[in-house]
Amino acid sequence: MIGLVTGPQVAFWLLAPVMILAAIGMVLVRKAVHSALLLATVMICLAVQYAAQDAPFLFAVQIIVYTGAILMLFLFVLMVVGVDASDSLVETIRGQRLLAGIAFLAFGVLLIAAVGNAIYGHPTGLADAQPDGNVKGLAQLLFGKYVFAFEVTSALLITAAMGAMMLAHRERLTKKRTQRDHAEERIRKYAEQGIHPGPLPTPGVLARHNAVDTPALLPDGSIAPTSVSRVLQARGTVFPEAAERADVDEVRELTNEGEYPVEEDGK
């Protein structure tokens, strides 16, 4: 006689293949961003498994802490460091392959022991093990039986955060420059090099195209090359100066012909 299929079993057989394929793809893909997205898939499927097993606290922690915080931290680091940087093939840590193999064997033994305990053990059931609910049962374990280990872990995390702050901190070698110092430097450059102390003109000002790649026009009709970012100039994506000058000449001709009347105040 075929037994009744429960919700947790359906969730397991539907999500387990997805989790396995995503985990394999996370290791095999070349792009770090794709690997992070596959890791998010594994985490979300695991959260659904927790929900199917009547573990709402673990479900919320898996979504909020791991998927929402730690994984977003991974993506933030990838965006800061860059995903196009070539990986170094030189091993800087001696014996890391041996340590990785030992860790793999230890994880395999732990996984086999967990599966064997689930198959051949005698589970009492969630209702008998935690009659007051999952959250209260976890709180009793964390702040009762394992309170010392919990506090030690908290102290280690705080120490690690303080150590990271100390390592990232650098002493200032020069005096911090004030707004007065910046203003004096701008005036000095204007007197010595002729660099205008004011802000650079905004792209598209007094031009026919209001875009960041269009040089601004000065009041006399000349083009201000400093109004366009140097990055755009290096990439060659700036609106052609010849076309800009042609537009200026066309506007001047139309103005002289009377199609664009100019008032006495110059508007």
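This is a short talk about the nonpolar cores and the salt bridges of one structure.

Hi everyone, and thanks for coming. Before we start, please keep in mind that this is a predicted model.

Let's begin with the nonpolar cores. Which residues make up the largest one? There are 6 of them: A36, L39, A40, M43, L71 and L75. Two helices, α2 (32-52) and α3 (56-81), each supply at least two residues of this core. The largest share belongs to α2, which brings 4 residues. There is also a second, separate core of 5 residues, and among them are L15, A22, V42 and C45.

Stay with L71 for a moment, since we just met this residue in the largest core. What does L71 touch, once we leave aside its neighbours within four places in sequence? The contacts of L71 are A36, L39, A40 and Y66. Of these, A36, L39 and A40 are also on the list for the largest core.

Now for the charged side chains. As a reminder, side chains of opposite charge can pair when their charged atoms come close. How many salt bridges does a search of the whole structure find? It finds 3, and we can walk through them one by one.

First up is E185 with R177, where the closest N and O atoms are 2.0 Å apart. How open are these partners to the surroundings? E185 has a relative accessible area of 22%, so this residue is partly exposed. R177, at 42% relative accessibility, also counts as partly exposed.

E185 has another partner, namely K189, and here the closest N and O atoms are 3.6 Å apart. Where do E185 and K189 sit? Both are in helix α8, 4 residues apart, or about one turn of the helix. K189 is partly exposed too, because its relative accessible area is 34%. Putting these two pairs together, R177, E185 and K189 are linked in a network of salt bridges.

That leaves the pair of E184 and R180, with the closest N and O atoms 3.1 Å apart. These residues belong to helix α8 (residues 179-192), and because they are 4 residues apart there, about one helical turn separates them. Is R180 buried or exposed? R180 is exposed, with a relative accessible area of 62%, while E184 is partly exposed at 35% relative accessibility.

So, if you open the model after this meeting, you could look up L71 in the largest nonpolar core, and then turn to E185 in the salt-bridge network with R177 and K189. Thanks for listening!

Key. Residues are numbered from 1 along each chain as its sequence is written. This is a predicted model: local features need pLDDT of at least 70, side-chain atom pairs count only at pLDDT 80 or more; totals for chains, interfaces and linings use all residues. Side-chain values use heavy atoms; hydrogens and water are left out. A nonpolar core is a set of buried Ala, Val, Leu, Ile, Met, Phe, Trp, Tyr and Cys residues joined through side-chain atoms within 4.5 Å. Buried means under 20% relative accessible area, exposed over 50%, partly exposed in between (1.4 Å probe, protein chains only). Contact means heavy atoms within 4.5 Å. A salt bridge is a side-chain nitrogen of Lys or Arg within 4 Å of a carboxyl oxygen of Asp or Glu.
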